[in-house]
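Me: I'm new to this one and I'd like to learn how to read the closed spaces inside a protein. Could you walk me through it?

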Amino acid sequence: MFINDFAMSVPSQIALKKNIITSAGMLLADDIFYQQTPDDLVTQTLERNQGIKSDTGALVINTGHFTGRSPNDKFIVKDDITEHSIDWNGFNHPIEEKYFDNLHKKMLGYFSRREIWVRDCFACADESYRLSIRVINDNPWSNLFAYNMLIRQNAAELKTFKPKWTILHAPEFVAEPEIDGVPSENFAIINFTKKMVLIGGTGYTGEIKKGIFTILNFLLPKHHNVLPMHCSANIGADGDTAIFFGLSGTGKTTLSTHPQRKLIGDDEHGWAERSVFNFEGGCYAKTINLDKDKEPEIFNAIKEGALVENVTFYEDSNTIDFSGRQITENTRVSYPINFIPNTATPSIGEVPKNIFFLTADAYGVIPPISKLDAGQTMYYFLTGYTAKVAGTEAGVKEPQATFSACFGAPFMPLHPVIYAKMLGEKLKGNTINVWLINTGWIGGQYGTGKRIDLQYTRAMINAALEDKLNDVDYIMHPVFGLQMPVSCPGVPSELLNPENTWSDKEQYNKTARFIAKHFIKNFEKYAAEASQEILQAAPTL
């Protein structure tokens, strides 16, 4: 159907048509659907019985067996570019080039027998660092995800478009582990020499965006001195930028979506010499327990053009039940960033004035808000702490401390210390406040205490953004050494020191020391390369 190097050039076959057989019978259709509109992609999905429209007009699909990333099945081709640059660890798995080449050849053969959807687009809102990307899918809804999440072209850009990177995504194409050099039928493989990503055996669309994130996390520090960040960002009326680091479920998207501040982006950014810029053109928000009153911007973005993944409906209706967990906890929605009414155009801000590290501490020992000095900033950035809660993953019965370096270890191909040192350098010469925010539990750990009310978390962040915590008194946490404000507008003072919220003070201190030991143990792998300033930021027992 198309030439072997199809993935690297726009083929003439775009204009060809043929009779193809679908579940609906004979249909005159294009072999290749190029740069389809969202309406077309939704219609094509519905025609192929691959999705359902909700009562708000959003397209609802099921990604199949995989409803989240599969970290153990992510690979990077080990070659002259990557062999001595990649931090080969539990997230960055090497694979030989011969296996990539064989899978690529087989995928091209697979695509030659299928309808395909092609999307030409960009990553990086700052044109100085823009990356041109071609995404090729074998179903329309995955291509809608690419439309929503990447930066869309105008007509002039399309005429001169030349892809630097190509992504082949085929959920129904599976590997043969015994001959393809991978442990499972599903895989995501990045080849930095051939500038290509192969994704097969999984319909989870997040693999596309995280593949691009991994690429940028390798290229931008090495070639442009840009710090890539797993964070959200917004801008205030005075032009002040705030960035929010945090792992999934800690509130990056929710807390950066603010009615009085313009959203730069909700997940992936670069920090250049004079700017912070969004990598993406859309948002990919978690929808579990989505509440119209607490998160109206996200709720109202679930409309025509939005792609909702793995949710269920209320009985006998097309109304989404956002509390439903029948398929997964990791229910998601993607939509263009302009679906949020208050966004920055272009998606670029200045050097940040405030940085927030978000953690959902299920043990209830981390203060709701605390201010970090330079050493603590580096320590907590390398630590990347949050906690898994019982019920969110199979086998998790009690809260589990989780550490992800730079708040995004699975997507960081270089050694974490490289990113941490870059952050340290960018802090120098700038007046930047850094805050640790606990969006998790108070008054006890999960099952005993309760989650901090979102209105209080918002009030604390607003106080920091509005410089209302500059002149208040602070006290030091006895175990973590964190500076805790004794008062904050809109927040009961007794909540600011987590020990005060526990009825059993002895149990609180015991639990705090228990978590502190996890911090210390986790940091051992960085200690040899950490400065004395960073080492002194560790908890004390």
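**Reading the cavities**

Reply: Sure. Keep in mind that this is a predicted model. Helix 6 gives the most to the lining of the largest cavity, contributing four residues.

Me: Okay, but how many cavities of 30 Å³ or more does the structure hold?

Reply: There are three of that volume or above. The largest has a volume of about 130 Å³, and the second largest comes to about 70 Å³.

Me: Which residues lie nearest the centre of the largest cavity?

Reply: Think of a cavity through the residues that line it. Here 14 residues do the job, and Lys-74, Glu-207, Lys-210, Gly-211 and Thr-214 are the ones nearest the centre. Strand 11 (187-191) and helix 6 (206-224) are the elements that each give two or more residues to this lining.

Me: How do the lining residues of the largest cavity divide into nonpolar, polar and charged?

Reply: Sorting a lining by class is a handy next step. For the largest cavity, you get seven nonpolar, three polar and four charged residues.

Me: And what lines the second largest cavity?

Reply: Its lining includes Phe-145, Ala-146, Met-149 and Leu-150, along with Ile-208, Lys-209 and Ile-212. Glu-268, Phe-279 and Glu-280 belong to that lining too. Helix 3 (140-149) and helix 6 are the elements giving two or more residues there.

Me: How many polar residues does that second lining have?

Reply: None: by class, the lining of the second largest cavity has seven nonpolar and three charged residues, with no polar ones.

Note on methods:
Residues numbered from 1 in each chain as written. Predicted model: local features only at pLDDT ≥ 70, side-chain atom pairs only at ≥ 80, totals over all residues. Heavy atoms only, no water. 1 Å grid on protein atoms, 1.4 Å probe; cavity = no way out; pocket = protein on both sides within 12 Å on 5 of 7 lines; lining within 4 Å. Points joined across faces, edges and corners; volume = space filled by probe spheres on them. Nonpolar A, V, L, I, M, F, W, Y, C, P; charged D, E, K, R; others polar.
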